[in-house]
Amino acid sequence: GDFIISGETAKEIFTEGTLLVIVDVNHASYTDEPALVTMASSLVVLDHHRQSGESFPNPTLSYIESYASSACEMVAEVLQYIGDDGIKIKPAEADAMYAGIVIDTNNFMNQAGVRTFEAAAFLRRNGADVVRVRKLFRDRLEDYRARAEAIQKAEIYHGAFAISVCPSEGLESPTVVGAQAANELLDIVGIKASFILTQMGDTIYFSARSIDEINVQIIMGRLGGGGHRTIAGAQLKGATIDEAREKLKDLITDMMEKGEI
């Protein structure tokens with residue numbers, strides 16, 4: 001717990017020789033404390049997302065591999081190269097990295113290459129415990145019920161698009177539950193893409209998922225969002241759930257008619 005400090009504290013302890021390592025993002029604006037980026041004379045960036053326009057100015061080291069499943073896979077690889085100096089990772093750290101790979105690959109089903117399994121094996125040898133990791137992923141009952149409700153009430157549109165709403169009342173992180181429901185809907189035969197709508201305040205959050213045939217990034221892009229080919233999202237302000245659902249359905253129909261999806 002002592003390892004995590006606030007952005008303010010980080011600014012206070014920053015000196016000329018401080019090395020800043022940025023992991024899992026390639027936009028300064030996505031970091032917890034963007035001001036640190038401009039303060040750092042030594043900057044290391046480790047990321048697995050595709051490069052987009054705005055990146056970091058002159059990093060000392062930039063390790064960006066879009067084929068990697070996750071930032072955790074990349075860190076596990078780096079640790080293997082510097083392992084000769086007696087760096088021993090603790091079981092809790094191995095658990096955390098293994099858990100990161102499990103989340104990003106959706107249990108080794110998404111973007112898991114040979115190197116992903118090699119990183120997982122390295123972590124396992126260093127004390128990652130799959131039972132402990134499984135327990136980390138257990139749900140609160142309210143979340144499980146909300147996800148089940150979203151799946152149960154899903155509408156199958158044009159025979160291949162699952163669309164549903166995730167209830168948000170009483171949930172700590174409704175959008176996370178919505179994303180999980182979208183993932184699970186892909187396990188149904190015939191579904192090419194899934195879309196879950198979750199309302200929080202005056203904003204509707206869309207979580208979109210696909211396996212391979214449909215590029216959900218371009219669909220969400222039309223709603224002002226974005227993401228990856230198989231994982232994307234968008235936000236819509238000032239609309240009701242029904243309006244948002246109709247907007248999505250009209251968009252899918254329109255894009256199908258034009259041959260865009």
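Two strands are taken to pair if DSSP finds at least two bridges between them. The model described here is predicted, and that criterion underlies the account of its two sheets that follows.

One open sheet has 3 strands in the order S1-S2-S3, and its pairing is parallel. Strand S1 (19-23) and strand S3 (61-64) form the edges, each pairing on one side only. From one strand to the next, the twist averages 10°. Between S1 and strand S2 (residues 42-47), the parallel pairing extends over 5 bridges. Within this pair, Leu 20 stands opposite Leu 43 in S2. Helix H3 (residues 71-81) packs on the sheet and touches S1, S2 and S3. The direction of H3 makes about 125° with that of S3.

In general, the strands of a sheet pair through backbone hydrogen bonds, in either a parallel or an antiparallel arrangement.

The other open sheet has 6 strands, ordered S4-S5-S6-S7-S9-S8, with mixed pairing. Its edge strands are strand S4 (155-157) and strand S8 (226-227), each of which pairs on one side only. At the S4 edge, the partner is strand S5 (residues 161-166), and the two strands pair in the antiparallel sense over 3 bridges. Here Ile 156 stands opposite Ala 162 in S5.

A helix also accompanies this sheet. Helix H10 (residues 241-257) lies across S4, S5, strand S6 (193-200), strand S7 (203-210) and strand S9 (231-237). Relative to S5, H10 runs at about 165°.

Notes: Residues numbered from 1 in each chain as written. Predicted model: local features only at pLDDT ≥ 70, side-chain atom pairs only at ≥ 80, totals over all residues. Heavy atoms only, no water. Helix = DSSP H or I, 4+ residues; strand = E, 2+ residues; numbered from the N terminus. Contact = heavy atoms within 4.5 Å. Axes fitted to C-alpha atoms, helices over the stretch in contact; angles between N-to-C directions.
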